[in-house]
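Here's a quick look at how some helices sit against each other in one protein model. Have the structure open and follow along.

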Amino acid sequence: MNVAVVLFTSDLRLHDHPPLRAALSSCDRVVPLFVRDRAVDAAGFAAPNRLAFLADCLADLDAALRDRGGRLVLRSGDVTREVCALVRECDADEVHMAAGVSNHARAREERLRAALEAEGRRLYVHEAVITAAAPGAVLPASSDHFAVFTPYFRRWADLPLRPVLAAPRTVPVPDGPGSEPLPRRSGAAGVSPGLAAGGEREARALLTRWLRSGAARYEEAHDDLAGDATSRLSPHLHFGTLSATEAVQRARAAGGTGTDAFVRQLCWRDFHHQVLAARPDCAWRDYRARGDRWRSGRDAEEETEAWKEGRTGYPVVDAAMRQLRHEGWMHNRGRLLAASFLTKTLYVDWRIGARHFLDLLVDGDLANNQLNWQWVAGTGTDTRPNRVLNPVRQGLRFDPEGRYVHRWVPELARLPAPQVHEPWRLPEAERARYDYPAPLIGLADGLDRFRRGRGSE
């Protein structure tokens, strides 16, 4: 009997899982393994919302494996040490895993390969498991990655994707390897009260419902803050409870302008992964430095805290920040507005905002979170790096009835639109009835400060 270990990372599913399928094809038994990587904890990435969602995902994965005659083995510690120990326990010949793009993921693969080869065993790393197209699958003529989205999308759209793989009917697992108890959602402290449920079953049901009833409206409604017309699949794509390849294939099969727009958003995810794969240091360093003189000191710190708390005095920004704290998730238009306000109105370093988002977002990962922040800050791939989103105009456009603000900023719930987007314009006596702060800074003053700091006047 020959045995393979399948190391699950950001691919916590059974449907469309190339590493698992390859292991089942080449060996008689497989050991599905997840290692709680202590290096992730040490780096500060073990955020409560993601730990709670992860607990859901692992429980669901284990249940699905048990339905097929298998089980999930959980270990904690250094990934290389734990994998090698398990390989020795079950005398496995090979290990299969999905390719990653971050510095941490690549270093983990290199250490694991070297350790396994030293013992005469092999590591197989599978591409296009976490993304629909592998980084490097499409390249421009003179670079190792695309730096602008539109030409990347044109090439990506023509790229043949691999077939979607069915979930295996059986997963035979040897009896021997022991497992730690699976974590429970209730064991994570500080979880957002409105955090969504995780797991592959939830992801697949959500995709099916959305393609049937929500996707047709996506192109026209995806920026509607109160309409909540986005798929809400981003946490499942982050944890891999849903295959990006399958999401693209099923959306394309459904057809229509709404699903076309959705597929374009999935391409943005692949785009950011291929940028990070080519430039892994841009997780924390400017992709394109602009000579910024970011504000620091007491005033900047106090204003940043007000931004985190949703007390900036700009209702649509505050609504977005409060949604983040309550749900561990934020509408994409809200993310753009909140990031633009911090980096270009308050002129605070994008890394501070990105770190706060990573502390709370259930879908927070380096490729999408950091590079979206850089795009908004103008240090990333945006071809208009000095654009500034006006929160008043954006609120009037994308929350015209004020329903998003009314939900998340209840102290303004009785103030109708359009006044709810500019409460500081109310007569003083009326404004005093609302327990809501004055703006931290005037928009014109913030714009002037940003332009001077960046030298773009």
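What follows covers two helix pairs and then one helix by itself. Keep in mind that this is a predicted model.

Let's start with the two packings that involve α15, set side by side here.

| Helix pair | Axis distance | Angle | Handedness |
|---|---|---|---|
| α15 (residues 350–360) and α16 (residues 366–377) | 10 Å | about 145 degrees | right-handed |
| α12 (residues 298–309) and α15 | within 12 Å | roughly 35 degrees | right-handed |

Now for who touches whom. On the α15 side of the α15 and α16 contact you'll find Trp350, Gly353, Ala354, Phe357 and Leu358, and these meet Leu366, Asn369, Gln370, Trp373, Gln374 and Ala377 in α16. Sorted by class, the residues of this contact come out as seven nonpolar and four polar, with no charged ones.

Turn to α12 and the cast changes. Thr304, Trp307 and Lys308 are the α12 residues here, and they meet Ile352, Gly353, His356 and Phe357 in α15. This contact splits into three nonpolar, three polar and one charged. Gly353 and Phe357 of α15 turn up in both contacts.

Last, have a look at α3, which runs over residues 48–67 and has 20 residues. From first C-alpha to last, α3 reaches 29 Å, close to the 28 Å expected at 1.5 Å a residue. How many of the 20 residues of α3 are buried? The count is 14, so to speak of α3 as mostly covered is fair. After α3 comes glycine 69, with a positive phi near 85 degrees.

Key. Residues are numbered from 1 along each chain as its sequence is written. This is a predicted model: local features need pLDDT of at least 70, side-chain atom pairs count only at pLDDT 80 or more; totals for chains, interfaces and linings use all residues. Side-chain values use heavy atoms; hydrogens and water are left out. Axes are lines fitted to C-alpha atoms, for helices over the stretch in contact, and angles run from 0 to 180 degrees between N-to-C directions. Helices (H or I, at least four residues) and strands (E, at least two) are DSSP runs, numbered from the N terminus. A crossing is left-handed if the near helix is turned anticlockwise from the far one by less than a right angle, and right-handed if clockwise. Contact means heavy atoms within 4.5 Å. Ala, Val, Leu, Ile, Met, Phe, Trp, Tyr, Cys and Pro count as nonpolar, Asp, Glu, Lys and Arg as charged, and the others, Gly among them, as polar. The expected span of a helix is 1.5 Å times one less than its number of residues. Buried means under 20% relative accessible area, exposed over 50%, partly exposed in between (1.4 Å probe, protein chains only).
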